[in-house]
Amino acid sequence: MTAETVDGVGGGRPAGAASRPPRPDVEVVVIGAGAAGIAAARRLLALGRSVRVLEAGARLGGRAWTESEVLGAPFDHGASWIHVAERNPLTPLARSLGVTLRDERRRVRDILLAGDRPATPAERAAHDAACEAWEAAAETRDASGGPDIPLAEAVPRGGPWDATVSHWYSAIISGVEAERFSLHDYVRTGLDGENLQVAEGFGTLVARLGEGLPVTPGAPVARLRWDGAGMAAEGEWGALRAGAAIVTVSTGVLATGGLRFLPELPDAVQAAIAGLPQGLLSKIALRASGAGRLGLGPFARLGRQVAGPGDHPISWMLWPWDRDHAVGFIGGEAAWTLAREGPAAAEAFARAELARYVGPVEVARSFAPGAVVTRWAEDPLFLGAYSHARVGCHGARAALRDAALAGGRLRFAGEACHTRYAGTVGGAWSSGERAAEAVHAALG
Ligand SMILES: Cc1cc2nc3c(=O)[nH]c(=O)nc-3n(C[C@H](O)[C@H](O)[C@H](O)COP(=O)(O)OP(=O)(O)OC[C@H]3O[C@@H](n4cnc5c(N)ncnc54)[C@H](O)[C@@H]3O)c2cc1C
(Lines give C-alpha, C1' and ligand atoms only; values in the text may rest on other atoms or scores of the structure.)
Protein backbone atom coordinates (compact mmCIF):
# COMPACT_ATOMS: atom_id res chain seq x y z
CA MET A 1 0.00 0.00 0.00
CA THR A 2 1.23 3.45 -0.76
CA ALA A 3 -0.85 5.42 1.70
CA GLU A 4 0.93 7.79 3.98
CA THR A 5 1.36 6.67 7.57
CA VAL A 6 1.99 9.03 10.40
CA ASP A 7 3.90 8.87 13.64
CA GLY A 8 1.80 9.45 16.68
CA VAL A 9 -1.20 7.33 15.70
CA GLY A 10 -0.72 4.09 17.51
CA GLY A 11 0.94 5.53 20.56
CA GLY A 12 -1.93 7.54 21.97
CA ARG A 13 -3.69 6.79 25.23
CA PRO A 14 -7.35 5.90 25.39
CA ALA A 15 -9.59 8.91 25.75
CA GLY A 16 -10.37 9.61 29.35
CA ALA A 17 -6.83 8.91 30.55
CA ALA A 18 -5.33 11.63 32.72
CA SER A 19 -2.96 12.84 29.98
CA ARG A 20 -5.67 13.15 27.35
CA PRO A 21 -4.70 15.90 24.95
CA PRO A 22 -7.02 18.89 25.27
CA ARG A 23 -7.28 19.45 21.53
CA PRO A 24 -8.28 17.03 18.77
CA ASP A 25 -5.48 15.38 16.80
CA VAL A 26 -7.39 16.03 13.58
CA GLU A 27 -10.62 17.70 12.59
CA VAL A 28 -12.16 14.57 11.11
CA VAL A 29 -11.45 10.89 11.61
CA VAL A 30 -12.70 8.60 8.85
CA ILE A 31 -13.11 4.96 9.84
CA GLY A 32 -12.43 2.61 6.94
CA ALA A 33 -10.44 3.11 3.74
CA GLY A 34 -12.85 1.58 1.25
CA ALA A 35 -14.45 3.60 -1.53
CA ALA A 36 -16.58 5.66 0.88
CA GLY A 37 -13.67 6.42 3.20
CA ILE A 38 -11.35 7.38 0.35
CA ALA A 39 -13.97 9.62 -1.22
CA ALA A 40 -14.75 11.25 2.13
CA ALA A 41 -11.09 11.92 2.84
CA ARG A 42 -10.47 13.36 -0.61
CA ARG A 43 -13.44 15.70 -0.28
CA LEU A 44 -12.55 16.79 3.25
CA LEU A 45 -8.98 17.59 2.22
CA ALA A 46 -10.30 19.56 -0.74
CA LEU A 47 -12.47 21.51 1.71
CA GLY A 48 -9.40 22.33 3.75
CA ARG A 49 -10.04 19.99 6.68
CA SER A 50 -7.39 17.94 8.46
CA VAL A 51 -8.21 14.24 8.20
CA ARG A 52 -6.96 10.86 9.34
CA VAL A 53 -8.34 7.63 7.89
CA LEU A 54 -8.06 4.63 10.21
CA GLU A 55 -8.15 1.33 8.34
CA ALA A 56 -8.21 -2.02 10.11
CA GLY A 57 -6.72 -3.95 7.21
CA ALA A 58 -3.39 -3.67 5.45
CA ARG A 59 -4.63 -2.18 2.19
CA LEU A 60 -6.82 0.47 0.61
CA GLY A 61 -10.06 -0.21 -1.25
CA GLY A 62 -12.08 -2.45 1.07
CA ARG A 63 -14.51 -4.50 -1.00
CA ALA A 64 -12.87 -3.19 -4.16
CA TRP A 65 -9.75 -5.36 -4.14
CA THR A 66 -7.62 -6.48 -7.06
CA GLU A 67 -5.04 -9.16 -6.45
CA SER A 68 -2.67 -10.26 -9.21
CA GLU A 69 -0.52 -13.01 -7.70
CA VAL A 70 -2.67 -16.12 -7.46
CA LEU A 71 -3.97 -16.22 -11.02
CA GLY A 72 -0.99 -14.43 -12.54
CA ALA A 73 -3.31 -11.64 -13.72
CA PRO A 74 -5.45 -8.96 -12.06
CA PHE A 75 -8.41 -10.60 -10.32
CA ASP A 76 -11.09 -8.57 -8.60
CA HIS A 77 -12.12 -10.44 -5.47
CA GLY A 78 -14.83 -7.85 -4.94
CA ALA A 79 -16.27 -5.23 -7.26
CA SER A 80 -15.42 -5.50 -10.94
CA TRP A 81 -18.03 -3.48 -12.86
CA ILE A 82 -18.41 0.28 -12.88
CA HIS A 83 -22.19 0.11 -12.87
CA VAL A 84 -24.38 2.82 -14.42
CA ALA A 85 -21.18 4.22 -15.83
CA GLU A 86 -22.94 7.20 -17.40
CA ARG A 87 -23.66 8.59 -13.94
CA ASN A 88 -20.97 6.90 -11.86
CA PRO A 89 -18.44 9.25 -10.22
CA LEU A 90 -15.74 6.62 -10.79
CA THR A 91 -16.07 6.81 -14.58
CA PRO A 92 -14.41 10.22 -15.08
CA LEU A 93 -11.83 9.34 -12.43
CA ALA A 94 -11.03 6.10 -14.25
CA ARG A 95 -10.67 7.93 -17.53
CA SER A 96 -8.43 10.57 -15.97
CA LEU A 97 -6.14 7.84 -14.66
CA GLY A 98 -5.99 6.25 -18.11
CA VAL A 99 -7.09 2.75 -17.13
CA THR A 100 -8.41 0.40 -19.80
CA LEU A 101 -12.21 0.16 -19.83
CA ARG A 102 -14.59 -2.22 -21.59
CA ASP A 103 -18.31 -1.69 -22.03
CA GLU A 104 -20.23 -4.75 -20.88
CA ARG A 105 -23.77 -3.55 -21.21
CA ARG A 106 -24.71 -6.60 -23.23
CA ARG A 107 -24.69 -9.71 -21.07
CA VAL A 108 -26.06 -12.33 -23.44
CA ARG A 109 -25.10 -15.84 -22.45
CA ASP A 110 -22.87 -17.66 -24.92
CA ILE A 111 -24.23 -20.91 -23.55
CA LEU A 112 -27.62 -21.12 -21.85
CA LEU A 113 -28.54 -24.63 -20.77
CA ALA A 114 -32.14 -25.79 -20.58
CA GLY A 115 -31.85 -28.99 -18.62
CA ASP A 116 -28.71 -30.71 -19.91
CA ARG A 117 -28.71 -29.25 -23.43
CA PRO A 118 -28.32 -25.80 -24.95
CA ALA A 119 -31.54 -23.82 -25.03
CA THR A 120 -33.24 -23.60 -28.41
CA PRO A 121 -33.80 -20.16 -29.95
CA ALA A 122 -37.43 -20.34 -28.79
CA GLU A 123 -36.33 -21.14 -25.25
CA ARG A 124 -33.85 -18.27 -25.30
CA ALA A 125 -36.62 -15.95 -26.43
CA ALA A 126 -38.82 -17.25 -23.61
CA HIS A 127 -35.98 -16.67 -21.16
CA ASP A 128 -35.51 -13.09 -22.34
CA ALA A 129 -39.25 -12.44 -22.17
CA ALA A 130 -39.32 -13.85 -18.63
CA CYS A 131 -36.56 -11.42 -17.61
CA GLU A 132 -38.53 -8.47 -18.92
CA ALA A 133 -41.80 -9.67 -17.37
CA TRP A 134 -40.07 -10.19 -14.01
CA GLU A 135 -38.66 -6.67 -13.92
CA ALA A 136 -41.89 -5.13 -15.18
CA ALA A 137 -43.93 -6.95 -12.52
CA ALA A 138 -41.66 -5.73 -9.73
CA GLU A 139 -41.79 -2.16 -10.99
CA THR A 140 -45.56 -2.19 -11.47
CA ARG A 141 -46.19 -3.56 -8.00
CA ASP A 142 -43.78 -1.06 -6.45
CA ALA A 143 -45.45 1.80 -8.28
CA SER A 144 -48.88 0.68 -7.09
CA GLY A 145 -48.07 2.31 -3.78
CA GLY A 146 -48.98 -0.56 -1.49
CA PRO A 147 -47.04 -1.63 1.58
CA ASP A 148 -43.66 -3.23 1.20
CA ILE A 149 -43.71 -6.97 0.52
CA PRO A 150 -41.09 -9.61 -0.25
CA LEU A 151 -39.83 -9.19 -3.81
CA ALA A 152 -40.77 -12.84 -4.43
CA GLU A 153 -44.45 -12.02 -3.97
CA ALA A 154 -44.42 -9.36 -6.67
CA VAL A 155 -42.85 -11.31 -9.51
CA PRO A 156 -44.03 -14.11 -11.80
CA ARG A 157 -43.68 -17.65 -10.49
CA GLY A 158 -44.26 -21.04 -12.05
CA GLY A 159 -43.17 -20.27 -15.61
CA PRO A 160 -40.31 -22.36 -17.05
CA TRP A 161 -37.77 -19.54 -16.60
CA ASP A 162 -39.15 -17.67 -13.58
CA ALA A 163 -37.02 -19.44 -10.96
CA THR A 164 -33.96 -18.90 -13.18
CA VAL A 165 -34.64 -15.18 -13.51
CA SER A 166 -35.30 -14.91 -9.79
CA HIS A 167 -32.02 -16.68 -9.02
CA TRP A 168 -30.13 -14.33 -11.32
CA TYR A 169 -31.67 -11.02 -10.21
CA SER A 170 -31.92 -11.71 -6.52
CA ALA A 171 -29.50 -14.39 -5.28
CA ILE A 172 -26.67 -13.58 -7.71
CA ILE A 173 -26.99 -9.88 -8.50
CA SER A 174 -28.38 -8.80 -5.12
CA GLY A 175 -26.82 -11.49 -2.92
CA VAL A 176 -30.11 -12.46 -1.28
CA GLU A 177 -33.13 -14.58 -2.14
CA ALA A 178 -36.21 -12.68 -3.33
CA GLU A 179 -38.21 -14.08 -0.39
CA ARG A 180 -36.19 -11.99 2.07
CA PHE A 181 -35.66 -8.88 -0.02
CA SER A 182 -37.76 -5.70 0.20
CA LEU A 183 -39.63 -5.06 -3.04
CA HIS A 184 -39.32 -1.31 -2.60
CA ASP A 185 -35.58 -1.49 -1.99
CA TYR A 186 -35.03 -3.79 -4.95
CA VAL A 187 -36.83 -1.50 -7.38
CA ARG A 188 -35.39 1.74 -6.03
CA THR A 189 -31.79 0.51 -6.14
CA GLY A 190 -32.03 -1.29 -9.48
CA LEU A 191 -29.08 -0.79 -11.82
CA ASP A 192 -29.34 0.00 -15.50
CA GLY A 193 -27.19 1.51 -18.21
CA GLU A 194 -23.60 0.95 -19.09
CA ASN A 195 -21.32 -1.45 -17.18
CA LEU A 196 -17.58 -0.93 -17.54
CA GLN A 197 -14.90 -3.42 -16.65
CA VAL A 198 -11.39 -2.30 -15.75
CA ALA A 199 -8.49 -4.29 -17.18
CA GLU A 200 -6.16 -3.33 -14.36
CA GLY A 201 -8.90 -4.20 -11.86
CA PHE A 202 -11.56 -2.07 -10.21
CA GLY A 203 -9.74 -2.52 -6.91
CA THR A 204 -6.55 -1.17 -8.47
CA LEU A 205 -8.46 1.90 -9.59
CA VAL A 206 -9.96 2.57 -6.14
CA ALA A 207 -6.63 2.02 -4.39
CA ARG A 208 -4.94 4.44 -6.78
CA LEU A 209 -7.53 7.06 -5.91
CA GLY A 210 -6.50 6.68 -2.28
CA GLU A 211 -2.78 7.10 -2.88
CA GLY A 212 -1.20 9.82 -0.80
CA LEU A 213 -4.15 10.19 1.56
CA PRO A 214 -3.46 10.30 5.31
CA VAL A 215 -4.37 6.67 5.95
CA THR A 216 -3.17 4.60 8.87
CA PRO A 217 -3.48 0.91 7.94
CA GLY A 218 -3.54 -1.80 10.59
CA ALA A 219 -5.57 0.42 12.93
CA PRO A 220 -8.85 -1.35 13.72
CA VAL A 221 -11.14 0.93 15.65
CA ALA A 222 -12.68 -1.07 18.48
CA ARG A 223 -14.65 1.83 20.00
CA LEU A 224 -15.79 5.25 18.96
CA ARG A 225 -16.55 7.59 21.86
CA TRP A 226 -18.88 10.39 20.90
CA ASP A 227 -20.07 11.56 24.30
CA GLY A 228 -17.78 14.53 24.78
CA ALA A 229 -16.99 17.67 22.86
CA GLY A 230 -15.45 15.58 20.12
CA MET A 231 -14.84 12.01 19.01
CA ALA A 232 -12.25 9.52 20.17
CA ALA A 233 -11.46 6.49 18.05
CA GLU A 234 -9.80 3.81 20.12
CA GLY A 235 -8.16 0.49 19.52
CA GLU A 236 -5.29 -1.62 20.72
CA TRP A 237 -3.04 0.67 18.65
CA GLY A 238 -3.98 3.68 20.81
CA ALA A 239 -6.46 6.50 20.36
CA LEU A 240 -7.13 9.38 18.04
CA ARG A 241 -9.20 12.42 18.99
CA ALA A 242 -11.12 14.28 16.36
CA GLY A 243 -13.74 16.97 16.10
CA ALA A 244 -15.93 14.80 13.89
CA ALA A 245 -16.13 11.24 12.58
CA ILE A 246 -17.36 9.47 9.46
CA VAL A 247 -17.98 5.75 9.89
CA THR A 248 -17.81 3.72 6.67
CA VAL A 249 -17.56 0.10 7.86
CA SER A 250 -20.10 -2.37 6.47
CA THR A 251 -23.50 -2.85 8.10
CA GLY A 252 -22.34 -6.41 8.80
CA VAL A 253 -19.50 -5.08 10.93
CA LEU A 254 -21.78 -2.52 12.61
CA ALA A 255 -24.51 -5.06 13.38
CA THR A 256 -22.13 -7.52 15.02
CA GLY A 257 -20.26 -5.02 17.18
CA GLY A 258 -17.05 -5.06 15.15
CA LEU A 259 -17.02 -1.36 16.00
CA ARG A 260 -18.63 -0.33 19.30
CA PHE A 261 -20.06 3.08 20.12
CA LEU A 262 -19.92 4.79 23.50
CA PRO A 263 -22.60 5.76 24.23
CA GLU A 264 -24.56 3.23 22.21
CA LEU A 265 -26.19 4.41 19.04
CA PRO A 266 -29.80 5.62 19.28
CA ASP A 267 -32.44 2.96 18.68
CA ALA A 268 -33.43 4.43 15.32
CA VAL A 269 -29.88 4.14 14.02
CA GLN A 270 -29.52 0.61 15.34
CA ALA A 271 -32.80 -0.28 13.66
CA ALA A 272 -31.57 1.13 10.35
CA ILE A 273 -28.39 -0.95 10.59
CA ALA A 274 -30.38 -4.08 11.45
CA GLY A 275 -32.66 -3.41 8.49
CA LEU A 276 -29.74 -3.46 6.04
CA PRO A 277 -27.98 -6.81 6.44
CA GLN A 278 -25.22 -7.91 4.13
CA GLY A 279 -26.02 -10.35 1.37
CA LEU A 280 -23.37 -12.49 -0.20
CA LEU A 281 -21.87 -12.89 -3.64
CA SER A 282 -18.85 -15.17 -3.89
CA LYS A 283 -16.50 -15.77 -6.76
CA ILE A 284 -14.73 -19.03 -7.52
CA ALA A 285 -11.94 -18.76 -10.10
CA LEU A 286 -10.35 -21.70 -11.88
CA ARG A 287 -7.23 -21.44 -13.99
CA ALA A 288 -6.79 -23.14 -17.35
CA SER A 289 -4.10 -25.81 -17.43
CA GLY A 290 -3.22 -25.32 -21.08
CA ALA A 291 -3.94 -23.20 -24.09
CA GLY A 292 -7.38 -24.77 -24.66
CA ARG A 293 -10.32 -22.42 -24.25
CA LEU A 294 -13.26 -24.83 -24.62
CA GLY A 295 -13.98 -23.19 -27.97
CA LEU A 296 -15.13 -20.00 -26.23
CA GLY A 297 -13.88 -16.46 -26.69
CA PRO A 298 -12.94 -13.77 -24.14
CA PHE A 299 -15.63 -12.82 -21.63
CA ALA A 300 -17.80 -15.82 -22.60
CA ARG A 301 -20.91 -16.15 -20.43
CA LEU A 302 -22.37 -19.44 -19.28
CA GLY A 303 -25.61 -19.92 -17.39
CA ARG A 304 -28.26 -22.55 -16.93
CA GLN A 305 -31.89 -23.01 -16.05
CA VAL A 306 -32.76 -23.59 -12.41
CA ALA A 307 -33.98 -27.19 -12.21
CA GLY A 308 -36.17 -26.73 -9.13
CA PRO A 309 -36.12 -25.81 -5.45
CA GLY A 310 -32.67 -26.24 -3.95
CA ASP A 311 -30.87 -25.87 -7.28
CA HIS A 312 -28.39 -22.95 -7.19
CA PRO A 313 -26.52 -22.60 -10.48
CA ILE A 314 -23.22 -20.76 -10.75
CA SER A 315 -23.07 -18.08 -13.45
CA TRP A 316 -19.79 -18.05 -15.36
CA MET A 317 -17.57 -15.58 -17.13
CA LEU A 318 -14.68 -17.20 -18.96
CA TRP A 319 -11.35 -15.81 -20.11
CA PRO A 320 -11.80 -12.13 -19.11
CA TRP A 321 -9.43 -9.92 -21.09
CA ASP A 322 -8.35 -13.13 -22.87
CA ARG A 323 -6.74 -14.29 -19.62
CA ASP A 324 -6.52 -17.96 -18.75
CA HIS A 325 -9.06 -18.13 -15.97
CA ALA A 326 -12.80 -18.64 -15.52
CA VAL A 327 -14.80 -16.86 -12.85
CA GLY A 328 -17.91 -18.40 -11.31
CA PHE A 329 -20.45 -16.30 -9.38
CA ILE A 330 -22.64 -17.77 -6.68
CA GLY A 331 -24.86 -15.71 -4.42
CA GLY A 332 -27.39 -15.84 -1.61
CA GLU A 333 -27.94 -18.85 0.63
CA ALA A 334 -25.84 -21.19 -1.50
CA ALA A 335 -22.89 -18.82 -1.16
CA TRP A 336 -23.28 -18.65 2.63
CA THR A 337 -23.39 -22.45 2.74
CA LEU A 338 -20.22 -22.77 0.68
CA ALA A 339 -18.52 -20.17 2.88
CA ARG A 340 -19.30 -22.33 5.90
CA GLU A 341 -18.14 -25.51 4.17
CA GLY A 342 -14.84 -24.00 3.02
CA PRO A 343 -12.86 -23.46 -0.19
CA ALA A 344 -12.48 -27.16 -1.06
CA ALA A 345 -16.26 -27.58 -1.11
CA ALA A 346 -16.59 -24.43 -3.21
CA GLU A 347 -14.04 -25.69 -5.72
CA ALA A 348 -15.76 -29.08 -5.99
CA PHE A 349 -19.12 -27.35 -6.49
CA ALA A 350 -17.65 -25.12 -9.20
CA ARG A 351 -16.08 -28.02 -11.08
CA ALA A 352 -19.33 -29.99 -10.95
CA GLU A 353 -21.18 -26.94 -12.28
CA LEU A 354 -18.75 -26.46 -15.16
CA ALA A 355 -19.01 -30.15 -15.96
CA ARG A 356 -22.67 -29.60 -16.84
CA TYR A 357 -21.49 -27.61 -19.86
CA VAL A 358 -18.43 -29.54 -21.04
CA GLY A 359 -18.39 -32.78 -19.05
CA PRO A 360 -16.14 -33.81 -16.16
CA VAL A 361 -13.33 -35.12 -18.36
CA GLU A 362 -13.00 -31.79 -20.15
CA VAL A 363 -13.07 -29.91 -16.84
CA ALA A 364 -10.28 -32.09 -15.45
CA ARG A 365 -8.28 -31.68 -18.65
CA SER A 366 -8.81 -27.93 -19.12
CA PHE A 367 -8.43 -26.59 -15.59
CA ALA A 368 -5.49 -26.84 -13.23
CA PRO A 369 -6.12 -28.15 -9.71
CA GLY A 370 -6.97 -25.51 -7.13
CA ALA A 371 -9.27 -22.50 -7.11
CA VAL A 372 -9.36 -18.96 -5.84
CA VAL A 373 -12.42 -18.62 -3.60
CA THR A 374 -13.35 -15.20 -2.27
CA ARG A 375 -13.81 -14.88 1.51
CA TRP A 376 -16.04 -11.86 2.09
CA ALA A 377 -18.41 -13.73 4.38
CA GLU A 378 -15.68 -15.00 6.66
CA ASP A 379 -13.60 -11.83 6.83
CA PRO A 380 -14.51 -9.98 10.06
CA LEU A 381 -13.79 -6.65 8.35
CA PHE A 382 -16.71 -7.16 5.92
CA LEU A 383 -19.03 -10.08 6.86
CA GLY A 384 -20.73 -10.15 3.48
CA ALA A 385 -20.67 -8.58 0.05
CA TYR A 386 -23.23 -5.76 -0.01
CA SER A 387 -26.42 -4.73 1.72
CA HIS A 388 -30.09 -5.27 0.97
CA ALA A 389 -33.10 -4.02 2.88
CA ARG A 390 -35.22 -6.45 4.82
CA VAL A 391 -38.91 -6.40 3.95
CA GLY A 392 -40.42 -3.22 5.41
CA CYS A 393 -37.00 -1.60 5.90
CA HIS A 394 -36.73 0.26 2.59
CA GLY A 395 -36.42 3.54 4.49
CA ALA A 396 -33.35 2.35 6.38
CA ARG A 397 -30.83 3.61 3.81
CA ALA A 398 -32.07 7.18 4.10
CA ALA A 399 -32.26 6.82 7.89
CA LEU A 400 -28.63 5.75 8.14
CA ARG A 401 -27.50 8.34 5.60
CA ASP A 402 -29.30 11.13 7.43
CA ALA A 403 -28.38 10.12 10.98
CA ALA A 404 -26.58 13.22 12.22
CA LEU A 405 -25.40 12.48 15.75
CA ALA A 406 -23.45 14.75 18.06
CA GLY A 407 -24.75 17.85 16.35
CA GLY A 408 -24.03 16.41 12.92
CA ARG A 409 -20.39 15.63 13.72
CA LEU A 410 -20.89 11.87 13.63
CA ARG A 411 -22.06 10.56 10.27
CA PHE A 412 -22.33 7.22 8.47
CA ALA A 413 -21.31 6.55 4.89
CA GLY A 414 -20.82 3.57 2.61
CA GLU A 415 -22.73 1.57 0.06
CA ALA A 416 -25.61 0.84 2.46
CA CYS A 417 -26.26 4.57 2.86
CA HIS A 418 -26.98 5.26 -0.80
CA THR A 419 -30.68 5.26 -1.63
CA ARG A 420 -30.21 4.83 -5.39
CA TYR A 421 -26.85 3.10 -6.01
CA ALA A 422 -26.69 0.95 -2.88
CA GLY A 423 -24.38 -2.02 -3.04
CA THR A 424 -22.01 -0.39 -5.50
CA VAL A 425 -18.65 1.32 -5.41
CA GLY A 426 -20.15 4.38 -7.06
CA GLY A 427 -22.83 4.56 -4.37
CA ALA A 428 -20.25 4.18 -1.62
CA TRP A 429 -18.13 6.90 -3.22
CA SER A 430 -21.00 9.39 -3.50
CA SER A 431 -22.08 8.59 0.03
CA GLY A 432 -18.59 9.33 1.34
CA GLU A 433 -18.51 12.66 -0.45
CA ARG A 434 -21.93 13.58 0.89
CA ALA A 435 -20.98 12.71 4.49
CA ALA A 436 -17.80 14.75 4.13
CA GLU A 437 -19.76 17.81 3.07
CA ALA A 438 -22.23 17.36 5.92
CA VAL A 439 -19.49 17.03 8.52
CA HIS A 440 -17.66 20.01 7.07
CA ALA A 441 -20.80 22.09 7.47
CA ALA A 442 -21.39 20.83 11.01
CA LEU A 443 -17.87 21.77 12.07
CA GLY A 444 -18.56 25.35 11.00
C1 LIG B 1 -17.90 -10.24 -4.65
C2 LIG B 1 -18.32 -8.81 -4.79
C3 LIG B 1 -18.63 -8.31 -6.04
C4 LIG B 1 -19.02 -6.98 -6.17
N5 LIG B 1 -19.25 -6.48 -7.41
C6 LIG B 1 -19.46 -5.15 -7.57
C7 LIG B 1 -19.42 -4.58 -8.86
O8 LIG B 1 -19.21 -5.26 -9.87
N9 LIG B 1 -19.62 -3.23 -8.96
C10 LIG B 1 -19.83 -2.44 -7.86
O11 LIG B 1 -19.98 -1.22 -8.01
N12 LIG B 1 -19.83 -2.97 -6.62
C13 LIG B 1 -19.64 -4.30 -6.45
N14 LIG B 1 -19.55 -4.83 -5.20
C15 LIG B 1 -19.88 -3.98 -4.04
C16 LIG B 1 -18.77 -2.98 -3.71
O17 LIG B 1 -17.55 -3.66 -3.64
C18 LIG B 1 -19.11 -2.31 -2.39
O19 LIG B 1 -20.43 -1.79 -2.44
C20 LIG B 1 -18.18 -1.15 -2.06
O21 LIG B 1 -16.85 -1.47 -2.35
C22 LIG B 1 -18.34 -0.81 -0.57
O23 LIG B 1 -17.49 0.26 -0.21
P24 LIG B 1 -17.60 0.89 1.24
O25 LIG B 1 -16.60 1.97 1.33
O26 LIG B 1 -19.02 1.19 1.56
O27 LIG B 1 -17.24 -0.30 2.25
P28 LIG B 1 -15.90 -1.17 2.38
O29 LIG B 1 -15.28 -1.39 1.07
O30 LIG B 1 -16.31 -2.38 3.17
O31 LIG B 1 -14.95 -0.26 3.25
C32 LIG B 1 -14.98 -0.26 4.65
C33 LIG B 1 -13.57 -0.37 5.19
O34 LIG B 1 -13.63 -0.39 6.62
C35 LIG B 1 -12.62 -1.25 7.11
N36 LIG B 1 -12.99 -1.64 8.46
C37 LIG B 1 -13.87 -2.58 8.88
N38 LIG B 1 -13.96 -2.59 10.21
C39 LIG B 1 -13.11 -1.63 10.66
C40 LIG B 1 -12.78 -1.14 11.95
N41 LIG B 1 -13.32 -1.64 13.09
N42 LIG B 1 -11.84 -0.15 12.04
C43 LIG B 1 -11.27 0.39 10.94
N44 LIG B 1 -11.57 -0.04 9.69
C45 LIG B 1 -12.49 -1.02 9.56
C46 LIG B 1 -12.62 -2.40 6.10
O47 LIG B 1 -11.40 -3.09 6.14
C48 LIG B 1 -12.84 -1.65 4.79
O49 LIG B 1 -11.62 -1.33 4.17
C50 LIG B 1 -19.13 -6.15 -5.03
C51 LIG B 1 -18.80 -6.65 -3.77
C52 LIG B 1 -18.40 -7.95 -3.65
C53 LIG B 1 -18.00 -8.45 -2.29
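How many bridges pair strand 13 with strand 22, and in which sense, parallel or antiparallel? In this predicted model, strand 13 and strand 22 (residues 410–412) are held together over 3 bridges, and the sense is parallel. One spot where this shows up is Ala245, which sits opposite Leu410 of strand 22. Before following strand 13 any further, it helps to look at the chain as a whole.

The chain contains 13 helices and 22 strands. Its overall dimensions fit those of a compact globule, because a globule of 444 residues would have a radius of gyration near 22 Å and the chain has 22 Å. Measured out along the principal axes, the C-alpha trace spans about 75 × 55 × 40 Å. Buried residues make up 55% of the 444. Looking at contacts with a separation of 6 or more, 74% of them link residues that are 24 or more positions apart. As for the outside, about 17800 Å² is exposed, and 53% of that comes from carbon and sulfur atoms. Charge can be tallied too: there are 45 positive and 48 negative side chains, and the centres of these two sets lie 3 Å apart.

Back to strand 13, which covers residues 238–247 and is mostly covered, with 10 of its 10 residues buried. Besides strand 22, it has other partners. Strand 1 (residues 26–31) runs parallel to strand 13, and 5 bridges join the two. Here Ile31 has Val247 of strand 13 as its bridge partner. Strand 12 (residues 231–235) is joined to strand 13 by 5 bridges as well, but these two strands run antiparallel. Both senses are ordinary options, since strands of a sheet pair through backbone hydrogen bonds, either parallel or antiparallel. Between strand 12 and strand 13, Glu234 is matched with Ala239, and Ala232 has Arg241 as its bridge partner. The link from strand 12 to strand 13 is a hairpin through 2 residues.

Strand 12 deserves a look of its own. It is mostly covered, with 5 of its 5 residues buried. In a regular strand, the side chains alternate between the two faces of the sheet. Strand 12 has Met231, Ala233 and Gly235 pointing one way, while Ala232 and Glu234 point the other way, and all are buried. On top of its pairing with strand 13, strand 12 is joined by 3 bridges to strand 11 (residues 223–225), and those two run antiparallel. In that pairing, Leu224 has Ala233 of strand 12 as its bridge partner. Strand 11 and strand 12 also form a hairpin, this one with 5 residues between them.

Another sheet can be traced in the chain. It is an open sheet of 7 strands with mixed pairing, and the strand order is 8-7-17-18-19-16-20. Its edges are strand 8 (117–118) and strand 20 (372–373), each of which pairs on one side only. At the strand 8 end, the neighbour is strand 7 (residues 111–114), and the two pair in the antiparallel sense over 2 bridges. Leu113 is the residue found opposite Pro118 of strand 8.

Conventions: Residues are numbered from 1 along each chain as its sequence is written. This is a predicted model: local features need pLDDT of at least 70, side-chain atom pairs count only at pLDDT 80 or more; totals for chains, interfaces and linings use all residues. Side-chain values use heavy atoms; hydrogens and water are left out. Helices (H or I, at least four residues) and strands (E, at least two) are DSSP runs, numbered from the N terminus. The radius of gyration is taken over C-alpha atoms; the globule rule is 2.2 Å times the number of residues to the power 0.38. Buried means under 20% relative accessible area, exposed over 50%, partly exposed in between (1.4 Å probe, protein chains only). Contact means heavy atoms within 4.5 Å. Accessible areas come from the Shrake-Rupley method with a 1.4 Å probe; for residues, only the protein chains shown count as cover. Lys and Arg count as positive and Asp and Glu as negative; His and the chain ends are not counted. The place of a charge is taken as NZ of Lys, CZ of Arg, CG of Asp or CD of Glu. Two strands pair if DSSP finds at least two bridges between them.
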